[in-house]
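Welcome! Here is a short tour of a protein that may be new to you. Take a look at the sequence and the model first, and then we can walk through them together.

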Amino acid sequence: KRVTSLKQAGHRGIDGIYKNMNPPPDFIIVDSKYLGAEKAFNEAFAPTMNKTKTGRQMDSDWIKKNLEDAISDEDLLFEIQESLANNRIDSVVAKIDNKGNLTYYQLDKDGKVMLDEITKLPVIYNINKE
């Protein structure tokens with residue numbers, strides 16, 4: 001079920017899980033959204049997560065339900081589940097524009113892009129944070 005193309009049809013689930021070598025967080029869970037030219041033209045446009053039969057994409061419950069499909073190693077799955085239970089996971093959506101540029105946005109536990117309290121703009125996630 002690994003994603004190998006931005007245009008891959010029918011992919012459902014978590015797009016990436018990355019272990020942070022300098023926690024916290026222990027892991028970063030990522031969903032990727034490709035935005036066509038009309039949406040990617042507006043750099044301030046942050047993608048929204050879709051509602052599914054099992055909840056909003058990338059909310060805490062949805063992540064729990066999709067971990068087993070994403071991870072086949074039982075020890076690693078247990079480690080990720082423990083980190084999730086202890087709020088030591090960051091959820092992120094990667095916006096890929098029509099030029100291939102990536103912007104990462106921080107998601108809250110409800111799978112919604114977090115907004116800065118002062119500017120009310122989407123919170124950009126520093127993927128290189130230490």
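Which backbone nitrogen does a side-chain oxygen of Asp59 reach at the start of α2? The partner is Asp61, whose backbone nitrogen lies within 3.2 Å of that oxygen. A polar contact here is a pair of N or O atoms within 3.5 Å; within protein, one must be able to donate a hydrogen and the other to accept it, and residues adjacent in sequence count only if both atoms are side-chain atoms.

Some ground rules will help. The model is predicted, so local features need pLDDT of at least 70 and side-chain atom pairs count only at pLDDT 80 or more, while totals for chains, interfaces and linings use all residues. Residues are numbered from 1 along each chain as its sequence is written, and side-chain values use heavy atoms, with hydrogens and water left out.

**The overall plan**

The protein has three helices and six strands, arranged along the sequence as β-β-α-β-β-α-α-β-β. Helices (H or I, at least four residues) and strands (E, at least two) are DSSP runs, numbered from the N terminus. Of the 130 residues, 34% are buried; buried means under 20% relative accessible area, exposed over 50%, and partly exposed in between (1.4 Å probe, protein chains only). Among contacts with a separation of 6 or more, 50% link residues 24 or more positions apart, where contact means heavy atoms within 4.5 Å.

**Helix α2 and its two sides**

Helix α2 covers residues 60–70, and its buried residues are Trp62, Ile63, Asn66 and Leu67. Seen down the axis of α2, these buried residues fall within an arc of 140 degrees, so they line one face of the helix; the arc is that of the directions from the helix axis to the C-beta atoms. The face turned away from the buried side carries the exposed residues Lys65 and Glu68. The cover over the buried residues of α2 includes β1, β2, β3, β4, α3 and β5.

**The nonpolar cores**

A nonpolar core is a set of buried Ala, Val, Leu, Ile, Met, Phe, Trp, Tyr and Cys residues joined through side-chain atoms within 4.5 Å. The largest one has 18 residues, and Ile29, Met58, Ile63 and Leu67 have the most contacts inside it. Two or more residues of this core come from each of β2, α2, α3, β5 and β6. Apart from it lies another core, of five residues, among them Ile28, Val30, Val92 and Tyr125.

**Two residues with positive phi**

Met58 and Asn87 each have a positive phi in a residue other than glycine. The table sets them side by side.

| Residue | Phi | Place | Relative accessible area |
|---|---|---|---|
| Met58 | near 70 degrees | loop between β4 and α2 | 1%, buried |
| Asn87 | near 55 degrees | loop between α3 and β5 | 70%, exposed |

Not counting residues up to four places away in sequence, Met58 touches residues including Ile29, Ile63, Ser91 and Leu107. Ser91 sits in strand β5 and is buried too, with a relative accessible area of 8%. Among the residues that Ser91 touches are Tyr105 and Gln106.

**A run of prolines**

Finally, look at the loop between β1 and β2, where Pro24 is found and Pro25 as well. A cis peptide bond joins Pro23 and Pro24, with omega about 0 degrees. Another cis peptide bond joins Pro24 and Pro25, with omega about -5 degrees.
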